[in-house]
Amino acid sequence: MRFLQWLLAASSTAITVLAAGPSLTRSFENTNVQRTIELGGSLTHVTTTFAIKALGTTGSNVYTFALSEIDQERTSLFEVKLKGGTQELKVKKLGFDAKSNAYLYSVDLPPMAENASATLVVNSILVHASTAHPSSIKQAEPQCLVFTTEAYILSPYPIISERTKIRLPSPKVLSYSSPKELTKYASSSSDSKEQATGTRSGAVISYGPFQDLPVTANELFQKEDQQLLYVHYEYDSPIVRVVSLDRSAEISHWGNNLNIQDNVHIKNDGPELKGHFSRLELQQAKYFQKTQPQVLQHITLQLPAGIYSPYYYDSIGNVTTSRYRASPPLKPGQKTKRSTSFLEIRPRFPLLGGWNYTYTLGWDAPLGDSVKYDAKEGKYVIGVPFMTPIPGASVDNATFTIVFPEGAENTLVFPPFDVEAMTKFTHVTYLDTIGRPAVTLKASKLTDRHTGLIYASYTLPLRSHLAKPLAVATAMFGFFLLGMFFRRVDLRISSTPLKSSS
């Protein structure tokens, strides 16, 4: 029986790998797979280590990964490195493969001899993998989440040994699954069968090791042998979810200024409040130092150094409960970088589970801190962060708009990661004549790892620098001419008084 499984695994591996690309690729064997899942609130961090062995001598060194439909929907970040290396391998998305019933990704490996081994480290982040259970609680009750995942990792190659560890934020575990079907790929000893169904040690739950798994990236295995695991645990922090984030960056050479403005819609993704909200109960919990983990009362943001005139308001107006700590200025002769600034946002009301809040945050910064002029190319280059992350929060939809100076030409934008859409348009504001070129980027399922710089380059001819003062001078000259005209033209109906009859 086990021999037939290996034959099916070999044939399925050849079909799956050939479907991943038109060129002939060599096959691999997973000698050991270790998966570690770090549970949290909105974000779940997964680190998977693949110890692989190259089979055969012909074919390109292309290794293929597989994700199930559940993981594909939740995966926000997927990075691959060689163990011990610092440079990430380029990941190619191959899309859904019907034969393997999975979404395939591939990386190009360095040349490997026959039976040579290598270790790949895959770092991924899942969004909304843990959900509130129960879905509604009272204000003073603990907040509990449930996490689900698949027991076996999908792979188009056979797996000799596999183990999964789930690390929780605290040892407060209510329950976890122990499917007896997991003993199918465990060794014959009783200890191995017990370990296969799940063992707990403090805040860590382990499954496996599993031995001699066939190719798991096929529909037959997923229907007959794949099992779902769940963990029900307490979480002592608010679950912050950014529903939408709209950032605009406006460049002004005349004002030597870079203006950043964020329009943010956040939501507490924890269990909804059962009953009414009691501010008295909240104050009593503070006085007796009893935390209410599902209540979001403040957010601390790390802002760039050197900014000035920050502002924060919501739909009602300015929120005076926020606290801003600016970075200290550089001393004369100091060449080190300044520390970052901090802004503590306190909404007008505490956010409980299911509650929403929208606000606007912005600031100005010296243009010279972000823009450099390339004299050889004759162009300006600017770097702007894609977003200011909220710690531990996921971002469902993000929009970034960069507005170039009026008259800018040869505009190019280089995002730090793949975006879903990029559109160009003309932005018109006060004192503009032809409008300003602008570019909008759209992305979804973002995390605090998507905070890289967006680089943009553009050229600004001399006539563009003179366009605004010439427009102002022309407008002022026109007003003077209009005033002179009305000054010298008599608009009265009659210039002579009427003579009265006697």
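## A buried ring and its partner

Phe 65 has a relative accessible area of 4%, so this residue counts as buried. Keep in mind that we're looking at a predicted model here. Tyr 63 is tucked away too: its relative accessibility is 0%, which puts it in the buried class.

How do these two rings sit against each other? A search of the whole structure turns up 25 aromatic pairs. In the pair made by Tyr 63 and Phe 65, the ring centres are 4.9 Å apart and the planes meet at 65 degrees, so the arrangement is edge-to-face; the cut-off for that label is over 60 degrees.

Another edge-to-face pair is formed by Phe 349 and Tyr 357, with 5.6 Å from centre to centre and 90 degrees between the planes. Its two members have different surroundings: Phe 349 is partly exposed at 31% relative accessibility, whereas Tyr 357 is buried at 4%.

## The ring cluster

Tyr 63 and Phe 65 also belong to a wider group of aromatics. Ring pairs tie them into a cluster with Phe 28, Phe 50, Phe 78, Tyr 105 and Tyr 157.

## A three-stranded sheet

Now for a bit of backbone. An open sheet is built from 3 strands in the order E20-E23-E22, with antiparallel pairing. Strand E20 (299-303) and strand E22 (323-325) are the edge strands; each has a single partner strand, so one side of each has no neighbour in the sheet. On average, neighbouring strands in this sheet are turned by 15 degrees against each other, if you ignore direction.

Zooming in on one of the pairings, E22 and strand E23 (residues 341-345) run antiparallel and are joined by 3 bridges. Across from Glu 344 in E23 you'll find Arg 323.

## The chain as a whole

What does the secondary structure of the chain come to? The tally is 6 helices and 31 strands. The radius of gyration is 31 Å, well over the 23 Å that the globule rule gives for 502 residues, so the chain is more spread out than a compact globule. Along the principal axes, its C-alpha trace spans about 130 × 65 × 60 Å.

As for burial, 44% of the 502 residues in the chain count as buried. The chain exposes about 26,500 Å², and carbon and sulfur atoms supply 55% of that area. Among contacts in the chain with a separation of 6 or more, 77% come from residues 24 or more positions apart.

How values were computed:
Residues are numbered from 1 along each chain as its sequence is written. This is a predicted model: local features need pLDDT of at least 70, side-chain atom pairs count only at pLDDT 80 or more; totals for chains, interfaces and linings use all residues. Side-chain values use heavy atoms; hydrogens and water are left out. Rings of Phe, Tyr and Trp (its six-membered ring) pair if their centres lie within 6.5 Å; planes under 30 degrees apart count as stacked, over 60 as edge-to-face and the rest as tilted. Buried means under 20% relative accessible area, exposed over 50%, partly exposed in between (1.4 Å probe, protein chains only). Two strands pair if DSSP finds at least two bridges between them. Helices (H or I, at least four residues) and strands (E, at least two) are DSSP runs, numbered from the N terminus. Axes are lines fitted to C-alpha atoms, for helices over the stretch in contact, and angles run from 0 to 180 degrees between N-to-C directions. The radius of gyration is taken over C-alpha atoms; the globule rule is 2.2 Å times the number of residues to the power 0.38. Contact means heavy atoms within 4.5 Å. Accessible areas come from the Shrake-Rupley method with a 1.4 Å probe; for residues, only the protein chains shown count as cover.
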